Amino acid sequence: MPYCRLFTFGLGYCKLGLLCKMKFDSILSEINGFGKFQLRLILIQMLSRITLPCHFLLNNFMAAIPNHHCNISALDDGDVFGNLTFQQKLAVSIPAEQDGTLNGCEMFPSPQYQYLLGSNSTGTKDAVTTVPCQNGWMYDNSTFKSTLATEWDLVCSRKTMTKATATVLFAGVMVGAPLFGFLSDSFGRRPMLLVSYLSTLIFAVLSAFSTSYIMFTIMRFFTGLSQAGISIISIALNVEWFSVEHRTFSGIIISLDWTLGSWLLVGIAYGVNDWRMLILAVSSPLILSIFAWRWLPESARWLMANGKVDAAHRYIMQCSKMNNRSKSMSAITPETLLKSAQEEIEDKKYTFLDLFKSPNLRKVAICSGIVWYGVAFTYYGITLNITGFGLNPYLTQFTFASIEMPMKIGVYFFLKKFGRKPGMIVTLLSVGLCLFVNMLIPKENVIIRTVVAVLGKSMSEASFTIMFLYTTELFPTIVRQNGLGYTSFVARLGVSISPLIMLLEDVWNHFPALIYSSVAVGSGLVAVLLPETLNIHLPELIEDIEKPRKQHTKSEK
């Protein structure tokens, strides 16, 4: 392969084609794999990526269930009921719980005037027959003007339908991940991102103007399916334009989009209390993304792999010019890239099944899938339960979002010093411990519960960030895309199930927390079986996984 010498860049000639297979990484290193070109790429994609947490966590506000009680207007039996104050009407119409709050799902079939005399003990009220709400509900609109629950009375026996909307969204993401993965490999990253932008915006608008619950859930499914394209394609496009030595740092930077989006969601939700307008508001950054798409580059790796060397050469030259490295690329022509692309095409012979054919890679695939399930399952179990800590939902969401920024910065330095494997074990076990401890703290101790919850949330966020980086280093290059697609699918399966676990609190109040805690601890113990990747050469072939891996010759940046 004599043409391999064109890509040495002072690194020495290629050895048995190994360096030739990494030649695009060599090109990126030569033209600065983390310069102005890459920063522009991050900023453009930030416009769309900040909408991901806005939609994924939107149920915390859009599907919130405010305090409610039965509509008692039909109990007006004449002058006596009409002359009572509103509080007196509630006392004679609705049974009280043991803590003194009004029952939200039952009422008396007729006014019980004896309770006006002060005989309102729980034992006395239990002796009176109650019936389900007969004429709908009345809602406390002090926090939320309108939610899914108030729109379609999704309370009491129908409260599971609010949780189901989150599951439907994530089911769409689960289906969309492999779909857009296939489409982006077939038609390119750039056009499929535009499709994702447009389809997400269209389905979000349609869901905001839904006239029924069925229509809304269908539109949310397709919104999730479309957003899967934004999620996985943007990550792939970013990784494919960063040089190897900068990918860990770039992964942390890219993950900050989620933090910014979480802050944006809190701000918008605080100012927009109507669920329809809230959907439109959090989707509005996609309009800017559509206009900014014209400056978004295609993946030069994908162009080369598909023989489109002229376009690849144009983007490489554009990158080198923006990063002030034009002189370094004077020897690269479309013809040399065409020869390089021939090897890239030959390497595309691996499928999802290859993840399970060799023993060590099979172990990595199974264990990483289990860990990813635990990471996603517990993360969304905590994040989608902001009302369970006794604080204002806006304050809780803001606190959760604010802790992510310093945590991600700390994760970067932890990873450089201690590695990925200890990070995964420590964070997941800490999440399980925090969830278990919070079960033992009385609800009256709001401050202590909140501190423990925030600590658990920060550890959960850290595990998510670490596992994303860890996964890209565990799988060999030739099956890395398959590995990422497989783990993404398993993670979304956990996310889809996670919101429904909260319904088990009707069986036992602490049942959901116990399940989340157990899954976190279990997946943390499984992480012990994964190999360490700190300062280790990234595997290129499956054979590299089946033998000891060598350390990098230079430190990770």
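Between which two helices does the loop that holds cysteine 156 lie? In this predicted model, cysteine 156 belongs to the loop between helix 9 and helix 10. Its phi is near 55 degrees, a positive value in a residue other than glycine. That is worth a second look, because most residues other than glycine have a negative phi. Cysteine 156 has a relative accessible area of 19%, so it counts as buried, the cut-off being under 20%.

Aspartate 153 is found in the loop between helix 9 (148-152) and helix 10 (160-187). Here too phi is positive in a residue other than glycine, with a value near 50 degrees. Is aspartate 153 buried or partly exposed? Its relative accessibility is 24%, and aspartate 153 therefore counts as partly exposed, since buried would require a value under 20%.

The interior of the model comes next. In soluble globular proteins, nonpolar side chains tend to be buried together. The largest nonpolar core in this model has 114 residues, and those with the most contacts inside it are Phe170, Trp241, Val371, Tyr380 and Met424. Helix 19, which spans residues 359-383, gives the most to this core, contributing twelve residues. Another core, of ten residues, lies apart from it, and its members include Leu75, Val92, Ile94 and Met107.

Phenylalanine 170 offers a good place to zoom in. Leaving aside residues up to four places away in sequence, phenylalanine 170 touches Phe56, Tyr380, Leu384, Arg492, Val495 and Ser496. Phe170 also belongs to an aromatic cluster, together with Phe56, Trp258, Trp372, Tyr379, Tyr380 and Phe464.

Aromatic rings meet elsewhere as well: a search of the whole structure finds 23 aromatic pairs. One of them joins phenylalanine 203 and phenylalanine 222, whose ring centres are 5.2 Å apart and whose planes differ by 25 degrees, making the pair stacked. This pair links distant parts of the chain, with phenylalanine 203 in helix 11 (residues 189-208) and phenylalanine 222 in helix 12 (residues 213-241), 19 residues apart. Phenylalanine 222 has a relative accessibility of 32%, so it counts as partly exposed.

Rings can also have charged partners. Arginine 190 lies over the face of tryptophan 293, at 3.9 Å from the ring centre. In another example, the charged end of lysine 417 is placed over the ring of phenylalanine 418, 5.8 Å from the centre of that ring.

Terms used: Residues numbered from 1 in each chain as written. Predicted model: local features only at pLDDT ≥ 70, side-chain atom pairs only at ≥ 80, totals over all residues. Heavy atoms only, no water. Core = buried A, V, L, I, M, F, W, Y, C linked by side-chain atoms within 4.5 Å. Buried < 20%, exposed > 50% of the residue type's maximum accessible area, 1.4 Å probe, protein only. Helix = DSSP H or I, 4+ residues; strand = E, 2+ residues; numbered from the N terminus. Contact = heavy atoms within 4.5 Å. Phe/Tyr/Trp six-rings, centres within 6.5 Å; stacked < 30°, edge-to-face > 60°. Lys NZ or Arg CZ within 6 Å of the ring centre and 35° of its normal.
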